[in-house]
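User: Please take a close look at a single part of this model and explain it to me slowly, as I am new to reading structures. Please also give the cut-offs behind each term that you use.

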Amino acid sequence: MRRWFFLGAACAAAAALGTAGGAQAQDVKIGFILPMTGQQQSTGRQEAAAAKLYMAQHGDTVAGKKVVLIVKDDGAVPDNTKRIAQDLIVNDKVTFLAGFGVTPAALAVAPLASEGKTPEIVTAAGTSIITEKSPYIARTSFTLAQSTVPMADWAAQNGIKKVVSMVSDYAPGADAEKSFKDEFTKKGGQVLDSIRFPLANPDFAPFLQRAADQKPDAIFVFVPSGQGGIFVKQFVERGLDKAGIKIIGPGDVTDDDLLNGMGDAVVGTITAHFYSADHDSPANKAFVAAFKAANNGMRPNFMAVSAYDGMHLIYEALNKAGKTDGDSLIAAAKGMAWESPRGPVSIDPDTRDIVQNVYIRKVEKKNGELYNVEFATFPNIKDPIKAAVAK
Amino acid sequence: MLTILYDGIAYGMLLFVLACGLSVTLGLMNFINLAHGAFAMAGGYCTVFLVNRLGLPFALGLPIAFLITALIGGLFERTLYVHVYARSHLDQVLFTIGLVFMSVAAVDYTMGSSQQFVQIPEALQGQFEVDGIGMGKYRLLIIVICGLLTVALQLILAKTRFGSRLRAAVDDQRVARGLGINVGAVFGITFAFGSGLAGLGGALGAEILGLDPTFPLKYMIYFLIVVTVGGTSSITGPFFASILLGIGDVAGKYYVPKLGAFVIYAIMIIVLIWRPQGLFARGAAR
Amino acid sequence: MTVSADEVALYLKRRARWSPFEIAFWIFAFATIWLFPGKYLILKDTAILALFALSLDLILGYAGIISLGQAAFFGFAGYFAGLVAKYGIINEPVIALVCSGLITAALGFVTSFLVLRGSDLTRLMVTLGVSLMLGELANRYSNITGGADGLQGVEIEPVLGRFRFDLFGHNGYVYCLIVLFICFVIARRIVYSPFGLSLRSIKGNTLRAAAIGVPVKWRLVAIYTVSAGLAGIAGALLTQTTAFCSLDVFSLERSADLLLVLIIGGTGYLYGGLIGAVIYKFLQDWLANLTPQYWQFWIGLVLVVIVLIGRERMAGWVRIVRSLLVRLGTWLMPRLPALGGAAPDGR
């Protein structure tokens, strides 16, 4: 009869959860769906901290309404994301959905955003097509192409002729590889080989060897943040830096969150990205200081600033629209421009994607810590993939 | 490409050190310890803490990681695992997966969710060029340490009294008990030692495999592959299995990068179809 | 002592009768449609997980095949259902569902020879290897499967032309629950049949079963095929009700979660998967709401505690409670003549 004990427990559990929580009709709820567990959990951690920081700094009342932040973990599994998003829209009646640590999560929720007329603010995922999937999507993070195209430009202008491209074998990696290759070959460079390694890859050794054997000027690399450090370390272990091969790529490889732990091996790595914790502006200095103070000295990275700006967009859209229905809010979000800790940003009214500066940076040691120090700027970059199609 | 062979051997040896504790536990106690990866992670984080935060030299960090993890393993064995030995395999799976979840979340809470990097000494960075073969210095260290360990383990098993007691207990527990061998103590010591080895493997592997709170979940499958292909009744089985898998994985990725991780699973399935008890198992009754 | 065929038939007929608890269970299950309108989404996920666990119970609980590879069938059917809907090959979801089940059963048949040999650990690893390899294949052919982005552009027609799957999940849940019930009835029929009995004998002692003439290999192949079909139906249900399918249907996490669910609920009596699914899903949801970042710790703790306490002890507590209730009832009934209870001494 132990079975029926469990049956009883199950029914009790189900019944207990049948009670819905109390909700205030006047509250504006923001549902942040982030990967708080699993491989992407550092993204979730950074973004949740940044969102909370914004609320702490700017108060929880906007346009006369109380703002409530709800953070949910989807473990970067799109099935979960979809279910949680549905739950948030139907039961919690959120005004905004935000977050989405990986591309499939953002894509899975797009039809829900359309059906529920709920703005979906993407603050992490980076594939270009996301904003096209629903008129209710706006993005405050980045697209991979925004970083890779300026990287290709800079490389071509600075004497790098032959490159081997190495990316992780998944959609953002493919995006990065393609957009880099197209731009680099257009500017006269040559991509000797395009190597892809499995996403869950323990060991870069064979791939690095294969790349090195082709004697390129530089290796263009894209890996999800977290693997960048290992990649660079193994690169140095093979002596590839001594062989004169440079590492170039989008800034995911030298993620601020991990940069300090990577050791001196990474000094000199050149990357292109939209945010560095070292960015020299009063807004950024204040942001970094406040973030560190609130989070035990943790340095904010590009994910954190994306979430911070996402909250800013939400607050300003609420202020501007005055109403809380999805259509007005998205309309208010289009074209909005402000000074973010990363530099000047705006939301492109045609694509609802973010337009921002992309900086070329080099890893240097400052005050005993490693930073991505910016030394060149490509201003106001729109997502190149969509821009090319628009032309 | 001999460099690839070299890399493959290094990777395989690392896998061996990580997985041999699991193999012995499974073979000896017929206990599926899916939390083995958590001990490896513990060793890795120990070393990170000792070397990065306390500034101990790397050479000291490794053995201390081994000791601490062995202690933790012994402690867990006496307090938690003992209660679960007599249970069905399914219950053991549930129990150890529960432990893994707890350890992953606990490490996330205390050490944060980012990747950890061990500061390895200057002497170990870079590589030697020998006859056109690039031999990474760190990988050389791995090969040397793991090679010595393997020899030591084999010697312990074959030449010491403890080793013969262990082998007796693996072969037939009841008879061993009947002969007066304190099987419980053998279990405890072996489990602790196996966990210590896992910790050492985790510490060594942090440089190559990376280290973050999700380490046990990510790499458990590789350990299981080594144990299954190698069989659980000897040390040499998992040793050769890890070398085979290490070289296969690295070579496969070099020559046919499109296949990537496919190779390692394919090797496993083929081996298991051909020899279901593992490559080197003696025809054990279990 | 020989047992005649008639005795076996009578035994089976008696066992196969629906007990009051079972009837109550299903009445409650269907009542949830009206009782918990806000919880359709998690209930639907639970129903799919329950069906998935049922498929594992058939091979694990009844035939003794331990498998971490059910995700292979789950994912295969998931992509199949998604692709036929996306390219308009089969528009009616019910037909697509049945086809997904059949084609996945075929896959199960083809791979069944892999699990016939070897120890528990071997089977575990081989089945896991197959599902991971399928995952790699799905990633490789991302031009068809959408790769890590997931299958895009899947549009599911309304069921039977009338019931569309919408944001609120009502139709989705009812659909899943009905399919779960039908599959459950099928599984129950299989289990309470001579075929099912022979499976149990194989699980108990394979050598002896073979010695008395049970065609062990073919029985195992058959149940593995059926189980694959059911797992496939669960996968197709997920794709159809979410209009989305991504690579993590093949992941280790999915297979491992499944195993956990079944172990929690108990194997070998068909309801284990269903009950385990409810407990695990709701527990996880509740914990994740409490602490989005560290819920894994608490779930781990619950699992460890369950094993340490042991189900026998928990069943013992249930027995104590039951006997107390029975005693209370016996004491109470005669003192309430209004309820129709007879007085103890017949007054």
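Analyst: The account below starts with one helix of chain A and then moves outward to its surroundings.

The model is predicted, so local features are given only at pLDDT of at least 70 and side-chain atom pairs only at pLDDT 80 or more, while totals for chains, interfaces and linings use all residues. Residues are numbered from 1 along each chain as its sequence is written, and chains are lettered from A and ligands numbered from 1 in the order in which they are written.

The part to look at is helix α7 of chain A, which runs over residues 205-213. Helices (DSSP runs of H or I, at least four residues) and strands (runs of E, at least two) are numbered from the N terminus. This helix is mostly covered, since seven of its nine residues are buried (20 or more other C-beta atoms, placed from the backbone, lie within 10 Å of the residue's own; 12 or fewer is exposed, and anything in between is partly exposed). The buried residues of α7(A) are A:Ala205, A:Pro206, A:Phe207 and A:Leu208, followed by A:Gln209, A:Arg210 and A:Ala211. Just after the helix, A:Lys215 takes a positive phi of about 50 degrees.

What lies over these residues? From chain A, the cover includes the strands β7 (162-168), β8 (190-197) and β9 (218-222), as well as helix α8 (228-237). Chain B adds to the cover of α7(A) through its helices α1 and α10.

Those two helices of chain B also pack on each other: α1 (residues 2-29) and α10 (residues 236-255) of chain B meet at an angle of about 140 degrees, and their axes are 7 Å apart (axes are lines fitted to C-alpha atoms over the stretch in contact, and angles run from 0 to 180 degrees between N-to-C directions). The residues of this contact of α1(B) with α10(B) are 17 nonpolar, five polar and two charged (Ala, Val, Leu, Ile, Met, Phe, Trp, Tyr, Cys and Pro count as nonpolar, Asp, Glu, Lys and Arg as charged, and the others, Gly among them, as polar).

Stepping back to the contact between the two chains, chain A contributes 33 residues and chain B contributes 30 residues (residues are in contact if their C-beta atoms, placed from the backbone, lie within 7 Å). On the side of chain A that touches chain B, α7 is one of the elements that supply at least two residues each, along with α2 (41-58), β8, α8 and α9 (256-259). That side of chain A is made of 13 nonpolar, 11 polar and nine charged residues.

The partner, chain B, holds 11 helices and two strands, and along its sequence these follow the pattern α-α-α-α-β-β-α-α-α-α-α-α-α. Its C-alpha trace spans about 55 × 45 × 35 Å along the principal axes of chain B, and 56% of the 286 residues in chain B are buried. Among the contacts in chain B between residues at least 6 apart in sequence, 77% join residues at least 24 apart.

For an exposed residue to set beside α7(A), consider A:Ala289 in helix α10 (residues 282-294) of chain A. Because A:Ala289 has 10 C-beta neighbours inside 10 Å, this residue counts as exposed. The C-alpha atom of A:Ala289 is separated by 9.4 Å from that of A:Pro300, although the two residues are 11 residues apart along the chain.
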